[in-house]
Amino acid sequence: MSTFDFIINNYRQVIYLIGEHVWIVSLALALATLIGVPLGMVITRHKALAARVINAANILMTIPSIALFGLMLPVLSLVGHGLGKVPAVTALVLYSQLPIIRNTYTAIQNVPPAVVDAGKGMGMSRWELLREVQIPISIPVILAGLRTAAVMSIGIAAIAAYIGAGGLGVLIQQGIDRVHQEMILSGALLVSVLALVVDGGMALIERLVTPRGIKIQQPRPK
Amino acid sequence: MVIFLGPSGCGKTTLLRLTNRLDSLSRGNIYINSQNIRDLNPVKLRQSIGYVIQEVGLFPNKTIFDNIAVVPKLLGWNKEKIRKRVDELMHLTRLEPDLYRRRYPAELSGGQQQRVGVARALAADPEILLMDEPFGAIDPINREQIQNEFLNLQAKMKKTIAFVSHDIHEALKMGDKIALFNQGRLIQYDTPEVILTRPKNKFVANFVGADRALKVLGLLHVRDIMNCSPSNIVDAAQTAPEVLKMLEQKNLRYAIVLAQGKPVGYVTSQDLKYEQGLCQEVARPYPLCLEQGTSVHEALSHMLMHDLTTFCVINDQGDLVGTVTYKSIQKSLQDFFADDAEAQ
C-alpha cells in the first residue's frame with residue numbers, strides 16, 4: 001500500500017510526469033504517423049523499395065533503446081540537442097516506423113485486387129482510389145499498427161528519462177538511484193497503467209472509425 | 001452483344017482489359033467510334049465504358065447506393081440526379097431501393113451483388129459495356145435467371161457489349177455474335193447458328209461439342225417451328241362418332257380437342273370407338289402446354305419424358321396458337337444443317 005501512498009503524497013509531481021510522458025509519446029506518434037503512413041502507401045507502388053524500407057525499419061527495431069540514445073548523442077549534439085526531449089522523440093519516431101509502415105503496407109496490399117481493378121476500371125484516379133476505397137478498407141489495420149507503436153513507445157519513453165527527457169521514467173530512475181522501492185514501483189505501475197489505458201482507448205477508436213460495411217464483413221474485430 | 005469465347009488463357013480477358021486500357025497495347029490499335037483509344041485519356045475512357053468483372057469487386061466500405069453512384073459522382077452530377085438514377089437502376093436490376101439502398105455488399109447474396117455490379121456499370125449510361133465472366137461465380141439456378149434478366153434488360157438498352165465467357169451454353173444463349181479465341185488468336189467470328197452448323201475447323205467443332213445438333217435446338221424457339229394451322233382440331237361439343245368419322249376421312253391418328261379455343265386434351269380413334277357421347281368426355285388431357293418462347297430443346301425433352309410426339313402451343317391467355325411435333329423438330333434441324341451439307 002505504500003506505493004499508492006507515495007503516489008498520493010506526490011500527486012502533483014506524478015501528474016506532471018504523466019503529462020510529460022503523454023506529451024513525448026503523442027508528439028512522437030504524430031510525427032511517426034506523418035512519416036510512416038505515407039511511406040507505407042508509397043512503397044506499395046514500388047515493390048523493390050518495399051523490401052528495403054521494411055528491412056531498414058526492422059533493423060532499427062533491433063537496436064536497444066539505450067544504445068540508440070547513445071548513438072544519437074553525438075549526431076544531435078551538432079544541433080545542440082544531444083540530451084532531453086529531442087533525442088527521445090526522435091528515437092520513438094524511429095522505433096514506431098516498423099509497426100506503422102508494415103501495417104500500412106500490408107493493409108493496402110491486402111485490399112482485394114478485384115476491388116482495386118473495379119475502381120480503376122470505372123475510371124477512378126490513383127488518388128480517388130486511395131481516398132475512396134483503399135484507405136477506408138485499410139484503416140482498421142493501419143490503426144492497429146499505430147496502437148502497437150503507441151504501447152511500445154510508452155515503454156521506451158520510460159527509459160528516455162536517462163537522457164533527461166522527463167516523463168514517468170524519472171520516478172524509476174531516481175528510485176533506483178535512491179534505492180527507494182515505492183518510487184520505482186509507482187513509476188513502473190503508472191507506466192503500465194498508462195499503456196493499458198492507451199491500448200484500450202486506441203482499440204475503441206479503431207472500432208469507431210472502421211467503416212460499417214467492413215465491420216459486417218468481419219464481425220469479430222481482431 | 002459479342003461474346004469473347006475460348007479456353008482459359010486464350011487472351012479474352014486481356015482483350016477486354018486492353019479495351020479500357022487497364023492493360024496497355026504493345027502493338028496494334030483499338031478504335032471506338034473510329035477514335036484510337038491510345039489518343040484518349042485512360043481515366044476519361046474508363047468513365048465512359050461500363051465494366052463488370054466476375055469477382056464483382058463492390059466497395060465493401062460503401063453502401064449499395066454509394067457503390068452504384070461511383071461513376072456519376074466522379075462525373076460530378078448533382079445529388080438529385082444521382083439519387084434518381086440510382087433508384088432507376090435498382091428498379092431495373094430488380095433490387096428494391098428502399099430495402100437495399102443503405103445496405104452493404106457483405107449483406108447481399110452473390111446474385112444480388114452481381115446485380116449491383118451491373119447497375120454500377122450502367123450508372124452513367126455508357127454506350128459500351130465490358131463484362132468479364134459477369135455471371136461466372138453465381139450458382140447455376142441463379143445464373144440462368146440473371147442471364148434472362150440481363151437479356152431482357154439488353155433488349156431495352158441495346159448497348160454495345162463485349163462479354164467474356166468460357167461457357168459455350170452462355171455464349172450461345174447471350175451472344176448476337178461469338179468471337180472464338182484460342183492461344184491469343186481469333187479463330188472464328190460468327191453468329192451462334194453459324195458457329196454451330198459450320199464450325200471453321202476441328203478446334204471450333206470440338207469446342208462447341210459433339211452434341212451441337214442439340215445445342216441448335218436450344219437456339220430455336222417453339223414459335224419458330226410450330227404449325228400454326230393444324231388440321232386435326234375438333235371442338236369439345238362435337239360427338240364421338242362425328243370426330244371418329246372425320247379422323248377416318250382425313251386419315252388422322254388423333255385429334256386435339258378445344259374448348260373455347262383452349263386445348264383440353266387429345267383423342268385417338270381407339271378412344272372414340274363404341275362411344276356415343278361428346279368427344280370431350282374421352283379426351284386425354286395434355287400433361288402440359290408449351291409457350292411460344294420455350295426453347296425447342298425443352299420441347300423435345302418434354303416429348304421424351306411424356307412419350308408424346310405432339311404438344312400444343314398456347315399464348316398468354318391459354319389459347320391454342322399452334323402445335324409442335326417431333327417431325328417438325330426433325331425438319332427444322334435438317335433445314336438448319338442443310339447449309340452445312342452444301343458447304344462441304
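This note goes through a predicted model of two chains, A and B, point by point.

1. Confidence in chain A. The mean pLDDT of chain A is 90, and 97% of its residues score at least 70. Within this chain the highest confidence falls on helix H2 (residues 11–42) of chain A, at 94, whereas H10(A) has the lowest, at a mean of 80. H10(A) deserves a second look for another reason, since helix H10 (212–217) of chain A is also among the elements that give two or more residues to the side touching chain B.

2. Confidence in chain B. Here the average pLDDT is 87, with 98% of the residues at 70 or above, that is, scoring at least 70. Among the elements of chain B, helix H3 (residues 64–68) has the highest mean pLDDT, 93, and helix H17 (residues 326–343) the lowest, 74.

3. Architecture of chain A. Chain A contains 10 helices and zero strands, and its pattern along the sequence accordingly reads α-α-α-α-α-α-α-α-α-α. Along its principal axes, the C-alpha trace of chain A spans about 65 × 40 × 25 Å.

4. A salt bridge inside chain A. Of salt bridges, the structure holds 21 over all chains. One within chain A joins the side chains of A:Lys85 and A:Glu20, with an N to O distance of 2.9 Å. This pair links distant parts of the chain, for A:Lys85 lies in helix H5 (residues 85–109) of chain A and A:Glu20 in helix H2 of chain A, 65 residues apart.

5. Extent of the interface. The contact between the chains draws on 21 residues from chain A and 24 residues from chain B. The area buried between chain A and chain B is about 1,900 Å², and carbon and sulfur atoms give 69% of that area. On the side of chain A, A:Asp117, A:Gly121 and A:Met122 supply 29% of the area that this chain buries against chain B, more than any other three residues.

6. Polar features of the interface. Two salt bridges are found across the interface of chain A and chain B. In a salt bridge between A:Glu132 and B:Lys62, the closest N and O atoms are 2.6 Å apart. The count of residue pairs in polar contact between the two chains, with both residues at pLDDT 80 or more, is four.

7. Which parts of chain A touch chain B. The elements giving two or more residues to this side are helix H6 (113–121), helix H7 (126–159) and helix H10 (212–217) of chain A. H6(A) provides the largest share, seven residues. By residue class, the side of chain A that touches chain B divides into 11 nonpolar, five polar and five charged residues.

8. Parallel pairing in chain B. Strand S1 (residues 2–5) of chain B runs parallel to strand S7 (residues 177–182) of chain B, and four bridges join them; the bridge partner of B:Phe4 in S7(B) is B:Ala179. S1(B) is also joined by four bridges to strand S6 (residues 160–165) of chain B, again in the parallel sense, and in that strand B:Ser165 stands opposite B:Leu5.

9. A hairpin in chain B. Strand S13 (residues 310–314) and strand S14 (residues 320–325) of chain B pair in the antiparallel sense over five bridges, with B:Thr325 in S14(B) as the bridge partner of B:Thr310. The two strands form a hairpin with five residues between them, and B:Gly318 in the turn has a positive phi of about 90°.

Note on methods
Residues are numbered from 1 along each chain as its sequence is written. Chains are lettered from A and ligands numbered from 1 in the order in which they are written. Side-chain values use heavy atoms; hydrogens and water are left out. Contact means heavy atoms within 4.5 Å. Buried area is the accessible area (1.4 Å probe) that two parts lose on being put together, summed over both. A salt bridge is a side-chain nitrogen of Lys or Arg within 4 Å of a carboxyl oxygen of Asp or Glu. A polar contact is a pair of N or O atoms within 3.5 Å; within protein, one must be able to donate a hydrogen and the other to accept it, and residues adjacent in sequence count only if both atoms are side-chain atoms. Ala, Val, Leu, Ile, Met, Phe, Trp, Tyr, Cys and Pro count as nonpolar, Asp, Glu, Lys and Arg as charged, and the others, Gly among them, as polar. pLDDT is the predictor's confidence in each residue, from 0 to 100. Two strands pair if DSSP finds at least two bridges between them.
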